[in-house]
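Colleague: I am new to this structure. Please show me how to read its features.

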Amino acid sequence: MSDVTTIPGVRLSDAAIRRRMLADFWFYFRQNRGAVIGLAVFVLLVLIAVFAAVIAPHDPTQQYRDALLVPPVWQDGGRAAFLLGTDAVGRDMLSRLIYGAQYSLFIGVVVVSIALVGGIVIGLVAGFFGGWVDTVIMRVMDVILAFPSLLLALVLVAILGPGLTNAMIAIAIVYQPHFARLTRAAVMSELRREYVTAARVAGAGNFRLMFKTILPNCLAPLIVQATLSFSSAVLDAAALGFLGMGAQPPASEWGTMLAEAREFILRAWWVVTLPGLTILVSVLAINLMGDGLRDALDPKLKRS
């Protein structure tokens with residue numbers, strides 16, 4: 001038999017409560033038109049990445065030696081076979097932009113997953129135990145936060161070696177303190193609640209208190225932070241790729257595409273402008289979606 005919860009005059013099952021919470025979330029989320037647009041663009045980006053092999057008209061690494069720096073189809077000299085033109089070695093720009101979505105989503109998911117898991121564990125330990133443990137952990141986090149994120153990521157990649165994997169690890173390490181501090185603040189707030197005291201009295205151990213009792217009530221701000229960190233991870237990975245420290249050629253990562261096109265910025269605007277616009281639109285869409293999540297998940301921002 002499923003559990004039921006009583007509210008004034010009504011008895012609701014767990015499933016009904018979840019449906020009601022989801023309906024409330026969508027109600028507040030859709031009040032932000034920019035967030036809805038951002039969600040639509042993000043879903044489109046995911047679909048493009050998943051079905052890149054079907055959508056892309058060409059292999060992103062195939063070079064057409066008879067079609068070097070062909071302009072987009074709407075310009076003089078453009079060809080219907082290359083809708084957005086080609087780059088300096090004859091690779092189709094549209095196909096490379098489509099496959100680049102795979103890199104961006106992969107980078108965002110890996111970086112946020114590593115930073116989120118690590119930050120939650122660190123923040124839970126610091127906030128739950130307090131004392132010298134909290135002091136040591138938070139001072140280390142403060143040292144990491146004292147450096148500009150991109151500069152610290154560059155230093156870490158220089159130590160680990162250039163490459164996409166090392167770039168993702170470096171960015172994840174840089175973002176961990178944000179999740180750790182957010183988790184610590186939420187844990188310290190929840191520790192004073194009556195349900196935590198009741199769980200202690202009932203004999204719950206530290207591990208159960210941290211991960212089963214307290215953590216589920218700290219997830220709302222972490223979800224918002226994860227969304228905003230996703231867009232920042234895409235941007236920082238593109239920056240590292242542009243500097244030659246991230247994904248390496250011939251990868252179709254957007255930052256790497258920008259780096260390869262620098263010398264042609266005056267001759268062939270499309271090889272620089274199109275990857276830049278793709279990064280701009282993607283990051284903006286994810287940030288708008290994050291704003292909507294914040295509005296929907298934070299009770300203080302909800303309008304009656």
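Colleague: What should helix α7 span at 1.5 Å a residue, and how far apart are its end C-alpha atoms?

Modeller: First, the ground rules. This is a predicted model, where local features need pLDDT of at least 70, side-chain atom pairs count only at pLDDT 80 or more, and totals for chains, interfaces and linings use all residues. Residues are numbered from 1 along each chain as its sequence is written, and side-chain values use heavy atoms, with hydrogens and water left out. Helices (H or I, at least four residues) are DSSP runs numbered from the N terminus, as are strands (E, at least two). The expected span is 1.5 Å times one less than the number of residues. Helix α7 has 27 residues, 164-190, so 39 Å is expected; its end C-alpha atoms are 38 Å apart, which agrees.

Colleague: Where does α7 bend, and by about how many degrees?

Modeller: A bend is the angle between axes fitted to the seven residues ending at a residue and the seven starting there. In α7 that angle is about 30 degrees at Tyr175. Pro177 follows within four residues.

Colleague: Which residues touch the most other members of the largest nonpolar core?

Modeller: Such a core is a set of buried Ala, Val, Leu, Ile, Met, Phe, Trp, Tyr and Cys residues joined through side-chain atoms within 4.5 Å. Buried means under 20% relative accessible area, exposed over 50%, and partly exposed in between (1.4 Å probe, protein chains only). Here the core has 76 residues, and Val111, Ile171 and Val271 touch the most other members. Contact means heavy atoms within 4.5 Å. Beyond its neighbours within four places in sequence, Val111 contacts Met168, Ile171, Ala172, Tyr175 and Ala233.

Colleague: Is Thr227 buried or exposed?

Modeller: Thr227 is buried, at 10% relative accessibility. It sits in helix α10, residues 219-242. Setting aside neighbours within four places, Thr227 contacts Ile286, Met289, Gly290 and Leu293.

Colleague: And Arg65: buried or exposed?

Modeller: Arg65 is exposed, with a relative accessible area of 59%. Its place is the loop between α3 (52-55) and α4 (93-129). A polar contact is a pair of N or O atoms within 3.5 Å; within protein, one must be able to donate a hydrogen and the other to accept it, and residues adjacent in sequence count only if both atoms are side-chain atoms. The side chains of Arg65 and Gln63 make one at 2.7 Å.

Colleague: Where does UniProt place the feature "domain: ABC transmembrane type-1"?

Modeller: The unreviewed UniProt entry places it at residues 101-290. That stretch is 81% helix and 0% strand.

Technical notes
UniProt positions renumbered as here; feature names shortened; annotations may be inferred.
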